[in-house]
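Colleague: Please give me a close look at how helices pack in this structure, and go slowly enough for someone in the first year of study. Once that is clear, please carry on to the paired charged side chains and to how far the coordinates can be trusted.

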Amino acid sequence: MTDSADRADHPDNPRGGRFDTDGVGRSGPADGPGYARGGRSTGARPDRAAPRRAGGPRGDRAAGAGRPDRGVRTGRGPMAADRPRYAAYEAIEAVNRDDAYANLVLPAILRDAGLTGRDAAFATELTYGALRHLGTLDAILTDAAGRDVARIDPPVRDALRLGAYQLLHTRVPAHAAVSSTVDLVRTVGPGATGFANAVLREVAGRDADGWVAKLAPPMDTDPVGHLALAYSHPQWIVRALSEALGGDLGETARLLIEDNVPPPVHLCARPGLADPVELADEVGGAPGAFSPYAVYLGGGAPGDLLALAEGRAHVQDEGSQLVADALAVAPLDGTDGRWLDLCAGPGGKSALLGAIAAQRGARLTAVEVSEHRARLVAQATRGMPVTVLNTDGRTVGADPKLPEEHFDRVLVDAPCTGLGSLRRRPESRWRRQPSDLPALTRLQRELLGAALRAVRPGGLVAYVTCSPHTVETHVTVTESARRAGVPVDFVDARPLLPEGMPGLGDGPTVQLWPHRHGTDAMFLAVLRRG
């Protein structure tokens, strides 16, 4: 999913961020950004032309420390002979040093390096693959180096991660992976070439399964620890996903495997503006399996598509399309002309709902607390019957533009941990922490409470998260309904999704899954106010 710029986020979201599965930008790779820490631009990094030092800590000098400044470093710099690997290194360095997001920094790096075609694809695979497998790679490098990776000079550590990924997860011959990585270390940490060579030769002594067999705890005594190392997820995330899957460890493993597979790009053919079958032919893709608007892009950069430039389509995960459409198709008695998207940025769901509203004579109010994201919503919904409000959705009743008991259909696409989109955001699994949950769930309940105030009696509220964590899904929606102070009934969401869609559970809520449906793990609850 793509945004054309960083995502400024809800002020009450821990670490300054939210996850989203909508994409409305017109450039960059398919994987959308996650959250930014502390208000920093998700694509921010210092001027790459500036000299930098990255020596180890005083008193315990790390491997590779004490080398000279690396000076000017661009894709046409000292590693010009192997630009794809150097581009991947620069992207990973920016992610790990600056809290940047690969999908935002990598396109600029590829452009600066003049990489296209197979070279760009190789650099992209190395970047995203190394970031997805970071936890397991670090465990292997720790064993191979005989010291914790935290004690290795950061530039050397990032280069070793790239080398280990090539050795264990690509068809690059071992001698080429080792020699090219040592060449990279010669540029970014010249004092550590011998160390890097020794470590990588140790890594090459086993394949990925062999390293898991050596390092992972036994499955029968520590299944969470085993799955975490085998499939490179933090243990707390493995526990949360397993709980959401009813404790089925086999299915949990299948989900973790799917999280490590690069997802296809999904397009949304905007109703009334594009036909999905015709769009699929136009872009060389295929109609989606479930959403009536989905198109699976076969390859290439979505930012180059004319349909996106003309506003006939946007990048959006099929699961996001399904949950937004579910609100639009749910049966409703009485008036049906006033719709509300309470957390609209960056605008993918608003664009889909706005296009549907245009066909039905309705009007959508799209609320976004961030000024930057509100501009993205306005851009995404240009020409549609959509009014964008740059305000906090929790001000329902206090803001005259958000009166109580006024709207017929309300969408709450709540800020969340984003555990449902880990395959698209390789850094996110290593940045989120369990400590993020309390503030997030408080914000989710406040927003859902505001939505229940905003909807008229008999109206509908759809609560959506891109997380399967039970605290963010079932607990949040149940508690919010109980505390609403007005009658609230759950609507069975399963009939609101395409007929014959498998694996929707017992209702009334729905949880989508990457390994079951090929979508992000979107949660949907539909509530009717009495």
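Modeller: Helices H2 and H3 are roughly antiparallel to each other, and since this is a predicted model, everything that follows describes a prediction. The reasoning rests on an angle: helix H2 covers residues 102-113, helix H3 covers residues 117-132, and the two pack at about 150 degrees with their axes 11 Å apart. Angles over 145 degrees count as roughly antiparallel, so the pair falls into that class. The crossing of these two helices is right-handed. On the H2 side the contact is made by Ala 102, Asn 103, Leu 106 and Leu 110, while H3 contributes Ala 120, Ala 123, Thr 124, Thr 127, Tyr 128 and Leu 131.

H2 also has a packing partner in helix H1, which spans residues 83-98; here the angle is about 145 degrees and the axes lie 9 Å apart. H1, too, passes H2 in a right-handed crossing. From H1 the residues in this contact are Arg 83, Ala 87, Glu 90, Ala 91, Ala 94 and Val 95, and from H2 they are Ala 102, Val 105, Leu 106, Ile 109, Leu 110 and Ala 113. If you compare the two lists, you will find Ala 102, Leu 106 and Leu 110 of H2 in the contact with H1 and again in the contact with H3.

Another pair to set beside these is H18 and H19, which pack at an angle of about 45 degrees with their axes 10 Å apart. That angle makes H18 oblique to H19, and their crossing is right-handed. In H18 the residues involved are Leu 437, Leu 440, Thr 441, Gln 444, Arg 445, Leu 448 and Leu 452, and they meet Val 471, Glu 472, Val 475, Thr 476, Val 477, Glu 479 and Ser 480 in H19.

Glu 479 leads us on to the charged pairs. Side chains of opposite charge can pair when their charged atoms come close. Glu 479 forms a salt bridge with Arg 482, with the closest N and O atoms 2.6 Å apart, and both residues lie in helix H19 (residues 471-482), three residues apart, which is about one turn of the helix. Their surroundings differ in accessibility: Glu 479 is buried at 19% relative accessible area, whereas Arg 482, at 58%, counts as exposed.

A pair of this kind can be found in helix H6 as well, where the side chains of Arg 186 and Asp 183 meet in a salt bridge at 2.7 Å, N to O. Since they are three residues apart in H6 (residues 174-188), about one helical turn separates them. Arg 186 is partly exposed at 46% relative accessibility, and Asp 183 is also partly exposed, at 36%. Arg 186 has a further neighbour in Thr 193, which touches Val 182, Val 185 and Arg 186, leaving aside residues up to four places away in sequence. Thr 193 belongs to helix H7 (residues 193-203) and counts as buried, with a relative accessibility of 19%.

H18 takes part in a salt bridge that reaches further along the chain, between Glu 404 and Arg 453 at 3.8 Å, N to O. Glu 404 sits in the loop between strands S7 (386-389) and S8 (407-413), Arg 453 sits in helix H18 (residues 437-454), and the two are 49 residues apart. Glu 404 is partly exposed at 44%, as is Arg 453 at 30%. Elsewhere, Asp 317, Arg 423, Arg 424 and Asp 520 are joined in a network of salt bridges, and the count of salt bridges comes to 28.

To place these details in the whole, the chain has 20 helices and 12 strands, and 59% of its 530 residues count as buried. The average pLDDT is 87, and 85% of the residues score at least 70. Over residues 1-11, however, the pLDDT is below 50, although this stretch has 68 contacts in the model beyond near neighbours in sequence. Residues 13-21 also stay under 50, with 60 contacts beyond four places in sequence. Where pLDDT is low, the predicted coordinates should not be read in detail.

How values were computed
Residues numbered from 1 in each chain as written. Predicted model: local features only at pLDDT ≥ 70, side-chain atom pairs only at ≥ 80, totals over all residues. Heavy atoms only, no water. Salt bridge = Lys/Arg side-chain N within 4 Å of Asp/Glu carboxyl O. Helix = DSSP H or I, 4+ residues; strand = E, 2+ residues; numbered from the N terminus. Buried < 20%, exposed > 50% of the residue type's maximum accessible area, 1.4 Å probe, protein only. pLDDT = per-residue confidence, 0-100. Contact = heavy atoms within 4.5 Å. Axes fitted to C-alpha atoms, helices over the stretch in contact; angles between N-to-C directions. Parallel < 35°, antiparallel > 145°, perpendicular 65-115°, else oblique. Left-handed = near helix turned anticlockwise from the far one by under 90°.
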